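Colleague: I'm new to this structure and would like a close look at one part of it. Please take the largest pocket, and then walk me outward to whatever sits on the elements around it.

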Amino acid sequence: QPNAFSSADENILKLVAEIFSAGISRMHELENAEEAQRRLEEKIRLEAAYQRIAQITLASLDLDDILDSLGQQIVNAGIFRSLAISLPDYESSYVELVRAFRIGEDGTVSPTQSDEVGTKYPLNSRDILAETVRTGEMQVAVEWDERFSEKHPPEHHKGNVAYFIPV
């Protein structure tokens, strides 16, 4: 209906709309500040983890100590749920999986008793690990990849993403 609201009513409605608009604006500002705080906290957490990794790596000259500490700290940092470390032997033309770590259901990181630890892959094989070492390029496999070791069937990789990163 025309003239259903008086000018006083319109002024009150405008004031209420401005208050709601300011409240919504403030809510968005707070959400943005909270997100920025979470990002900052994550950066600080990762920086501390990288510093621990560097300190532990530099604290020993024993390769076994370094590999054990390095693997545990990387998984502990929350970058990966599990980690396998392999070392290439270019003279003998193979790469050996030497360590594996996983976060347990209780949240602790421990070495994995994998039957693959100790496995050597010829560098000229079609295995994804050998290809990563040969090419020096990172490989990413979403779920199953035909270059995976035959020790694990495709069902083992369902829902997983595997990163093979040469260092």
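Modeller: What follows starts at the pocket and then moves to its surroundings. Keep in mind throughout that this is a predicted model.

The largest pocket holds about 1500 Å³ of space. Its lining is made up of 41 residues, and those nearest the centre are Leu83, Ala84, Ile85, Tyr163 and Phe164. If you'd rather find the place by its elements, look for α2 (63–76), β1 (82–89), β2 (94–103), α3 (128–135) and β6 (161–164), each of which gives two or more residues to the lining. Which element gives the most to this lining? That's β1, with seven residues. As for the kind of residue you meet there, 26 of the lining residues are nonpolar, ten are polar and five are charged.

Now stay with two of those elements, α2 and β2, and look at how their side chains meet. Asp64 forms a salt bridge with Arg99, and their closest N and O atoms are 2.8 Å apart. That contact joins distant parts of the chain, with Asp64 in helix α2, Arg99 in strand β2 and the two positions 35 residues apart. Is Arg99 buried or exposed? Its relative accessible area is 15%, and the limit for a buried residue is under 20%, so Arg99 counts as buried. Asp64, at 44% relative accessibility, is partly exposed.

Arg99 has another acidic partner to show you. Its side chain also meets that of Asp68 in a salt bridge, at 2.5 Å from N to O. Since Arg99 is in strand β2 and Asp68 is in helix α2, this pair ties together parts that are 31 residues apart in sequence. Asp68 is partly exposed, with 34% relative accessible area. Elsewhere, shared partners join Glu35, Arg38 and Arg39 into one salt-bridge network.

That network is worth a short detour away from the pocket. Glu35 and Arg39 have their closest N and O atoms 3.8 Å apart, and the cut-off for a salt bridge is within 4 Å, so the pair counts as one. Why can these two side chains reach each other? They are four residues apart in helix α1 (residues 7–58), which means about one helical turn separates them. Both ends are partly exposed, with Glu35 at 33% relative accessible area and Arg39 at 47%. Counting by the same rule over the whole model gives eight salt bridges.

Back to β6, which brings you from the pocket lining to a nonpolar patch on the surface. The patch is formed by Met138, Val140, Val142, Val161, Tyr163, Ile165 and Val167, and together they have about 740 Å² of accessible area. Two elements, β5 (139–142) and β6, give two or more residues to this patch. You may recognise Tyr163 from the residues nearest the pocket centre, and here Tyr163 turns up again in the patch. Ile165 sits in the segment after β6. At 44% relative accessibility, Ile165 is partly exposed, and that is over the 30% that a patch residue needs.

Within β5, not every residue faces the same fate. Ala141 belongs to strand β5 but is buried, with a relative accessible area of 3%. Its C-alpha atom is 8.4 Å from that of Asn160, although the two residues are 19 apart along the chain.

Last, have a look at two loops beside these strands. Most residues other than glycine have a negative phi. Ser93 goes the other way, with a positive phi of about 60 degrees, and it is not a glycine. You'll find Ser93 in the loop between β1 and β2, where it is partly exposed at 40% relative accessibility. Glu143 also has a positive phi, near 60 degrees, and is likewise a residue other than glycine. The loop between β5 and β6 holds Glu143, which is partly exposed with 33% relative accessible area.

To recap the route, we began at a pocket to which β1 gives the most lining residues. We then crossed to Arg99 and its salt bridges with Asp64 and Asp68. From there we came round to the surface patch.

Conventions:
Residues numbered from 1 in each chain as written. Predicted model: local features only at pLDDT ≥ 70, side-chain atom pairs only at ≥ 80, totals over all residues. Heavy atoms only, no water. 1 Å grid on protein atoms, 1.4 Å probe; cavity = no way out; pocket = protein on both sides within 12 Å on 5 of 7 lines; lining within 4 Å. Points joined across faces, edges and corners; volume = space filled by probe spheres on them. Nonpolar A, V, L, I, M, F, W, Y, C, P; charged D, E, K, R; others polar. Buried < 20%, exposed > 50% of the residue type's maximum accessible area, 1.4 Å probe, protein only. Patch = residues over 30% accessible without salt bridge, like charges linked within 9 Å, V, L, I, M, F, W, Y side chains within 5 Å. Areas by Shrake-Rupley, 256 points an atom, 1.4 Å probe, with all protein chains shown as cover.
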